[in-house]
Amino acid sequence: MTDQSREEGSAVTRDVQITFDCADPAGLATFWAEALGYQVQAPPGDFESWDQALEAMGVPPENRNDASAVVDPEGSRPRLFFQRVPEHKKVKNRVHLDVRAAPGLAGDERMAALEAEAERLVSHGAKRLSRHEPTPPLGAGHLVMADPEGNEFCLD
(Lines give C-alpha, C1' and ligand atoms only; values in the text may rest on other atoms or scores of the structure.)
Protein backbone atom coordinates (compact mmCIF):
# COMPACT_ATOMS: atom_id res chain seq x y z
CA MET A 1 0.00 0.00 0.00
CA THR A 2 1.39 3.38 -0.91
CA ASP A 3 1.53 6.48 1.27
CA GLN A 4 -0.99 8.03 -1.09
CA SER A 5 -3.59 5.28 -0.52
CA ARG A 6 -3.13 5.66 3.27
CA GLU A 7 -3.82 9.35 2.92
CA GLU A 8 -7.01 8.56 1.00
CA GLY A 9 -8.47 6.77 4.00
CA SER A 10 -7.41 3.15 3.50
CA ALA A 11 -6.75 1.44 6.81
CA VAL A 12 -3.76 -0.84 7.30
CA THR A 13 -3.94 -3.41 10.07
CA ARG A 14 -0.64 -3.56 11.89
CA ASP A 15 -1.41 -5.02 15.29
CA VAL A 16 -3.34 -8.03 16.49
CA GLN A 17 -5.02 -8.45 19.85
CA ILE A 18 -6.06 -11.94 20.92
CA THR A 19 -9.30 -12.01 22.91
CA PHE A 20 -10.40 -14.75 25.29
CA ASP A 21 -14.01 -15.12 26.42
CA CYS A 22 -13.88 -16.43 29.98
CA ALA A 23 -15.45 -16.57 33.44
CA ASP A 24 -12.53 -15.07 35.40
CA PRO A 25 -10.62 -12.44 33.40
CA ALA A 26 -8.18 -11.56 36.19
CA GLY A 27 -7.38 -15.20 36.89
CA LEU A 28 -6.88 -16.11 33.26
CA ALA A 29 -4.79 -12.97 32.67
CA THR A 30 -2.52 -13.99 35.56
CA PHE A 31 -2.10 -17.50 34.09
CA TRP A 32 -1.25 -16.27 30.58
CA ALA A 33 1.12 -13.60 31.92
CA GLU A 34 3.01 -16.39 33.66
CA ALA A 35 2.86 -18.72 30.65
CA LEU A 36 4.17 -16.14 28.17
CA GLY A 37 6.38 -13.88 30.28
CA TYR A 38 3.86 -11.05 29.87
CA GLN A 39 2.65 -8.63 32.53
CA VAL A 40 -0.82 -7.48 33.50
CA GLN A 41 -1.45 -4.20 31.73
CA ALA A 42 -0.82 -1.21 34.00
CA PRO A 43 -3.78 0.96 35.01
CA PRO A 44 -4.34 4.18 33.08
CA GLY A 45 -2.99 7.56 34.03
CA ASP A 46 -1.44 8.07 37.44
CA PHE A 47 -3.45 5.35 39.20
CA GLU A 48 -1.36 3.00 41.32
CA SER A 49 -3.78 0.09 40.95
CA TRP A 50 -6.72 -1.06 38.85
CA ASP A 51 -8.93 -0.91 41.96
CA GLN A 52 -8.18 2.81 42.28
CA ALA A 53 -8.78 3.42 38.58
CA LEU A 54 -12.04 1.48 38.47
CA GLU A 55 -13.27 3.18 41.66
CA ALA A 56 -12.54 6.59 40.12
CA MET A 57 -14.33 5.56 36.92
CA GLY A 58 -17.41 4.56 38.93
CA VAL A 59 -17.24 0.88 38.04
CA PRO A 60 -19.26 -1.06 40.66
CA PRO A 61 -17.36 -3.76 42.59
CA GLU A 62 -19.33 -6.59 40.96
CA ASN A 63 -18.08 -5.48 37.52
CA ARG A 64 -14.42 -5.01 38.34
CA ASN A 65 -13.45 -8.42 36.99
CA ASP A 66 -15.33 -7.99 33.71
CA ALA A 67 -12.08 -7.53 31.77
CA SER A 68 -8.32 -7.75 32.05
CA ALA A 69 -5.37 -7.65 29.69
CA VAL A 70 -1.75 -8.71 29.56
CA VAL A 71 1.00 -7.16 27.48
CA ASP A 72 4.47 -8.09 26.34
CA PRO A 73 6.93 -6.07 28.46
CA GLU A 74 9.00 -5.44 25.31
CA GLY A 75 5.95 -4.34 23.33
CA SER A 76 6.57 -6.61 20.34
CA ARG A 77 4.06 -9.44 20.83
CA PRO A 78 0.24 -9.17 20.71
CA ARG A 79 -1.81 -7.95 23.65
CA LEU A 80 -4.11 -10.59 25.16
CA PHE A 81 -7.52 -9.36 26.29
CA PHE A 82 -9.82 -11.32 28.61
CA GLN A 83 -13.53 -10.54 28.80
CA ARG A 84 -16.13 -12.08 31.05
CA VAL A 85 -18.98 -13.87 29.29
CA PRO A 86 -21.93 -15.67 30.89
CA GLU A 87 -21.58 -18.97 29.02
CA HIS A 88 -18.94 -21.61 29.69
CA LYS A 89 -16.69 -23.17 27.07
CA LYS A 90 -18.46 -26.16 25.50
CA VAL A 91 -16.41 -27.45 22.57
CA LYS A 92 -12.82 -27.66 21.35
CA ASN A 93 -11.22 -24.41 20.24
CA ARG A 94 -11.13 -23.82 16.48
CA VAL A 95 -8.16 -21.48 16.96
CA HIS A 96 -5.48 -21.96 19.60
CA LEU A 97 -2.13 -20.59 20.67
CA ASP A 98 1.12 -22.48 20.11
CA VAL A 99 3.53 -21.57 22.88
CA ARG A 100 7.04 -21.97 21.48
CA ALA A 101 8.69 -23.58 24.52
CA ALA A 102 11.53 -25.46 22.81
CA PRO A 103 12.83 -23.39 19.88
CA GLY A 104 15.81 -24.94 18.14
CA LEU A 105 15.57 -28.23 20.06
CA ALA A 106 14.86 -31.66 18.56
CA GLY A 107 14.11 -35.20 19.65
CA ASP A 108 14.48 -36.18 23.30
CA GLU A 109 15.96 -32.81 24.25
CA ARG A 110 12.93 -31.01 22.77
CA MET A 111 10.41 -33.28 24.46
CA ALA A 112 12.21 -32.92 27.82
CA ALA A 113 12.02 -29.12 27.51
CA LEU A 114 8.31 -29.32 26.66
CA GLU A 115 7.68 -31.63 29.62
CA ALA A 116 9.48 -29.23 31.97
CA GLU A 117 7.38 -26.31 30.71
CA ALA A 118 4.20 -28.37 30.99
CA GLU A 119 5.04 -29.19 34.61
CA ARG A 120 5.63 -25.49 35.35
CA LEU A 121 2.32 -24.47 33.77
CA VAL A 122 0.41 -27.24 35.55
CA SER A 123 1.65 -25.70 38.81
CA HIS A 124 -0.12 -22.49 37.67
CA GLY A 125 -3.44 -24.19 36.87
CA ALA A 126 -2.99 -25.66 33.38
CA LYS A 127 -4.02 -29.21 32.53
CA ARG A 128 -2.05 -31.59 30.36
CA LEU A 129 -4.24 -33.16 27.67
CA SER A 130 -1.96 -35.21 25.40
CA ARG A 131 1.57 -35.83 24.17
CA HIS A 132 2.42 -36.17 20.48
CA GLU A 133 5.78 -37.83 19.84
CA PRO A 134 8.15 -36.56 17.15
CA THR A 135 7.43 -38.02 13.72
CA PRO A 136 10.33 -37.00 11.45
CA PRO A 137 10.82 -35.44 9.07
CA LEU A 138 8.02 -32.90 9.64
CA GLY A 139 6.55 -33.61 13.07
CA ALA A 140 8.78 -32.24 15.83
CA GLY A 141 6.52 -33.39 18.68
CA HIS A 142 4.32 -31.29 20.95
CA LEU A 143 2.12 -31.32 24.03
CA VAL A 144 -1.55 -30.32 24.07
CA MET A 145 -2.52 -28.41 27.20
CA ALA A 146 -5.53 -26.49 28.53
CA ASP A 147 -5.47 -23.25 30.49
CA PRO A 148 -7.39 -23.01 33.80
CA GLU A 149 -10.70 -22.46 31.93
CA GLY A 150 -10.18 -25.30 29.45
CA ASN A 151 -8.90 -23.34 26.42
CA GLU A 152 -6.58 -25.63 24.48
CA PHE A 153 -3.05 -24.58 23.57
CA CYS A 154 0.03 -26.42 22.45
CA LEU A 155 3.55 -26.43 23.78
CA ASP A 156 5.71 -26.84 20.73
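## Contacts and overall fold

Among contacts in the protein chain between residues at least 6 apart in sequence, 58% join residues at least 24 apart. The model in which these contacts were computed is a predicted one. The protein chain holds 4 helices and 8 strands. Read from the N terminus, the order of these elements is α-β-α-β-α-β-β-β-α-β-β-β.

## Dimensions and surface

The radius of gyration of the protein chain is 19 Å, whereas a compact globule of 156 residues would have a value near 15 Å. The C-alpha trace spans about 55 × 50 × 30 Å along its principal axes.

Of the 156 residues of the protein chain, 29% count as buried. The exposed area of the protein chain is about 10100 Å², and carbon and sulfur atoms supply 51% of that area. Charged side chains number 16 positive and 27 negative, and the centres of the two sets lie 6 Å apart.

## Cysteines

The count of disulfides in the model is 0. C22 forms no such bond because its sulfur is 20 Å from the closest cysteine sulfur, that of C154, and a disulfide requires two cysteine sulfur atoms within 2.5 Å. C154 is likewise in no disulfide, the nearest cysteine sulfur being that of C22 at 20 Å.

Both residues fall under the 20% limit for burial: C22 counts as buried at 3% relative accessibility, and C154 counts as buried at 10% relative accessibility.

## A cis peptide bond

P136 and P137 are joined by a cis peptide bond, with omega about 10°. Most peptide bonds are trans. P137 is located in the loop between β6 (127–132) and β7 (142–146).

## Helix α4 and the C-terminal segment

L114 belongs to helix α4, which covers residues 107–122. L114 has a relative accessible area of 0% and is therefore buried, since the limit for burial is under 20%. Leaving aside neighbours within four places in sequence, L114 is in contact with A101, A102, G141, H142, L143, L155 and D156. L114 and C154 are 40 residues apart in sequence, and their C-alpha atoms are 9.7 Å apart in space.

D156, one of the contacts of L114, lies in the segment after β8 (152–155). D156 counts as buried at 15% relative accessibility. Not counting residues up to four places away in sequence, D156 touches D98, V99, R100, A101, A102, R110, L114 and H142. A101, A102 and H142 thus appear in the contact list of L114 and also in that of D156.

## The loop before β6 and strand β5

A126 is placed in the loop between α4 and β6. Its relative accessible area is 6%, and A126 is buried. Beyond residues up to four places away in sequence, A126 touches F31, L121, M145, A146, D147 and F153. A126 and F153 are 27 residues apart along the chain, and their C-alpha atoms are separated by 9.9 Å.

L97 is found in strand β5. With neighbours within four places in sequence left aside, L97 is in contact with I18, F20, W32, E152, F153 and C154. F153 is therefore listed as a contact of L97 and of A126, with contact meaning heavy atoms within 4.5 Å. L97 and A113 are 16 residues apart along the chain, and 18 Å separates their C-alpha atoms.

## An exposed loop residue

H88 is located in the loop between β4 (79–84) and β5 (97–99). H88 has a relative accessible area of 59% and is therefore exposed, the limit for exposure being over 50%. H88 and G37 are 51 residues apart in sequence and 26 Å apart in space, C-alpha to C-alpha.

Key. Residues numbered from 1 in each chain as written. Predicted model: local features only at pLDDT ≥ 70, side-chain atom pairs only at ≥ 80, totals over all residues. Heavy atoms only, no water. Helix = DSSP H or I, 4+ residues; strand = E, 2+ residues; numbered from the N terminus. Rg over C-alpha atoms; globule rule 2.2 N^0.38 Å. Buried < 20%, exposed > 50% of the residue type's maximum accessible area, 1.4 Å probe, protein only. Areas by Shrake-Rupley, 256 points an atom, 1.4 Å probe, with all protein chains shown as cover. Lys, Arg positive; Asp, Glu negative; His and termini not counted. Charge placed at Lys NZ, Arg CZ, Asp CG, Glu CD.
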